[in-house]
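This report describes selected local features of a single model. Please consult the sequence and the coordinates alongside the text.

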Amino acid sequence: MRRASATRGTNEDAAARRAPRRRIALALFAGLLLAAAPGRAEDVPHTPRPELQPASPDSDVVRFLEQATFGPTDALVAHVTAVGYAAYLDEQFGLHTSSYPALAPMPQSPKVGCPADSATTCVRDNYTMYPLQVRFFQNALGGADQLRQRVALALHEILVVSGVKVRQPSAMAPYLNMLLDDAFANYRTILSDLTLNPAMGRYLDMVDNDAQSPGSDVAPNENYAREVMQLFSIGVDALNQDGTLVLDAGGNPVPTYTQDTIEGFAHLFTGWTYAPLPGAPARKHNPPNFLAPMVLYRDARGVDADHDKGAKQLLAYAGAAHPVLAPGQDGAVDLDQGLDNVFGHPNVGPFIGRQLIQHLVTSNPSPAYVERVARAFADDGAGVRGDMRAVIRAILLDPEARTAYPPDPAFGRLREPVLFVANVCRAMGASSDGVLAGQANLMGQDLFNSPSVFSYYPHSFQVPGTSVQGPEFGIESSSAAESRINFVDALAFSRITSPPPGSGTAIDFSALAAQAGDPEALATTLDRTLLHESMSAGMRAALVQAVSAVPASKPLLRAETAFYLVASSSQYRVAR
């Protein structure tokens, strides 16, 4: 990376240049917003430049890598072009190089864990998500197991545990590692590991959930019982396999469960506590231990004495496994049969499949696309239900995902802040220490601190003024949009700084500056790198004009300006 003093000019020069650049970018941003935002066909005038159709072979490779990774790089584009999509997926299924750090548990109170004479970073490093956020971006920018990480992020945003309640990173890290481990597992395995994960137990109150005592009016906690159905598996309404609603004779949605079902699962999820700490005896309520799965409490006789022994009404559907649990069963048997009951519900494939499509490819998949993915969930071709590898293949290799220029103007998704940050940095080969979560937070997404179990944004959010869904628009605002521009501005003309001893994040523009003598060439390179050759004719003309206005004697400034205008544009914000 060149030194700022040698190549970026003085601070006064930078200040003088920044205002007109920002005016240009904001003009492009406003003028191109309709060209990028999803909506009805008659609302969206944008079409790709006709001269770019058919696209070059690389263009869909770039799109594929935007969906399957945290962003394309030149090396990955070349590799996927050489081996093909299916072979690349097979390679990724075999990789597991990323992880989150094993951190020492701390006392519950920061005042105890970080007394007055502690390092100034003690609270940050032990009572916030900071170390996990840094590792996330380090993995995302440099890890080889890109697909595993992308799927794990999608699972985190569906199967939410939040640092808002689980405050210590030492408690959250095993949950995040579990998602990485299970990203390509069977969804039944995911449900089991999620249910017994102590961070989830703490977050949704399954840990130390006692059976109701005789004569007591204190019923078991219903939080996890409700959310394992509503959010983690089947949703609230019965679905056809294409994700559309099943309607009754009166045209009303058909609910998937009742309050009796919630209560049945609440009683099922009783008797589980933290695993005993090493060397400690087992107790009905063991002290917090987030490093091992929860265990069923058993007394000295080996009896699960805190588990409800009554019959339990579960989900009733055609062919349901264990719709009613027999009384007197062991708690481990109840749990296994209960999760089988949830996993076998016909809603799981379309409900989870559609959300995974939204996270990886497009906010508005067609019913046919959802149904193809749901079929892969139901049967991987070898009679196995819930195989995540089959589901991921179906999502990423579907014709709807691989159409170079999707004709539906509602196709695509707003890049959520953490993806926007990672995509920009990877595309431009940025050097980074991973201290980037603060940038995403300014854009509306506080990584690993989801405001609720409903995730960072509502999955069913409808873009205002349109008839289509755009979940990520649920956290978009004028302030968030300006923060995206400010982030790109800093990368273009300065760097993202980090607290000492961090090195920050910066881009070396020397290769791009070598093309600065030809504004058209700059536009073509950035169109390929950032927009997979979908830049509209109007945007290209505006970009070439803006770059040409920069003196040719300042090639670095031309390169910075070109990158700034493309990466801050609305056409880049919405990945199509």
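His532, whose phi is positive, near 40 degrees, follows helix 24; helices here are DSSP runs (H or I, at least four residues), as strands are (E, at least two), numbered from the N terminus. This is a predicted model, in which local features need pLDDT of at least 70, side-chain atom pairs count only at pLDDT 80 or more, and totals for chains, interfaces and linings use all residues. Residues are numbered from 1 along each chain as its sequence is written, and side-chain values use heavy atoms, with hydrogens and water left out.

Helix 24 spans residues 519-531, and its 13 residues reach 17 Å from first C-alpha to last, close to the expected 18 Å (1.5 Å times one less than the number of residues). At its N-terminal end, Asp518 acts as a cap, with a side-chain oxygen 3.1 Å from the backbone nitrogen of Glu520. Among the buried residues of helix 24 are Pro519, Leu522, Leu526 and Asp527; buried means under 20% relative accessible area, exposed over 50% and partly exposed in between, with a 1.4 Å probe and protein chains only.

A search of the whole structure finds one disulfide (a pair of cysteine sulfur atoms within 2.5 Å). The sulfur atoms of Cys114 and Cys122 lie 2.0 Å apart, and the link is left-handed, with -75 degrees about the S-S bond. Both cysteines, Cys114 and Cys122, are buried.

The same kind of search yields 17 aromatic pairs. Rings of Phe, Tyr and Trp (its six-membered ring) pair if their centres lie within 6.5 Å; planes under 30 degrees apart count as stacked, over 60 as edge-to-face and the rest as tilted. Two of the pairs are tabulated below.

| Pair | Centre to centre | Angle between planes | Class |
|---|---|---|---|
| Phe136 and Phe448 | 5.9 Å | 90 degrees | edge-to-face |
| Tyr224 and Phe232 | 6.2 Å | 50 degrees | tilted |

Phe136 lies in helix 8 (residues 130-142) and Phe448 in the loop between helix 21 (437-442) and helix 22 (478-493), 312 residues apart. Phe136 and Phe448 are both buried, and they belong to one aromatic cluster with Phe70, Tyr100 and Phe137. Tyr224 and Phe232 are buried as well.

The mean pLDDT of the chain is 91, with 90% of its residues at 70 or more; pLDDT is the predictor's confidence in each residue, from 0 to 100. The value stays under 50 over residues 1-17 and over residues 23-54. Where pLDDT is low, the predicted coordinates should not be read in detail.

How values were computed: Polar contact = N/O pair within 3.5 Å; in protein donor to acceptor, adjacent residues only side chain to side chain. Contact = heavy atoms within 4.5 Å.
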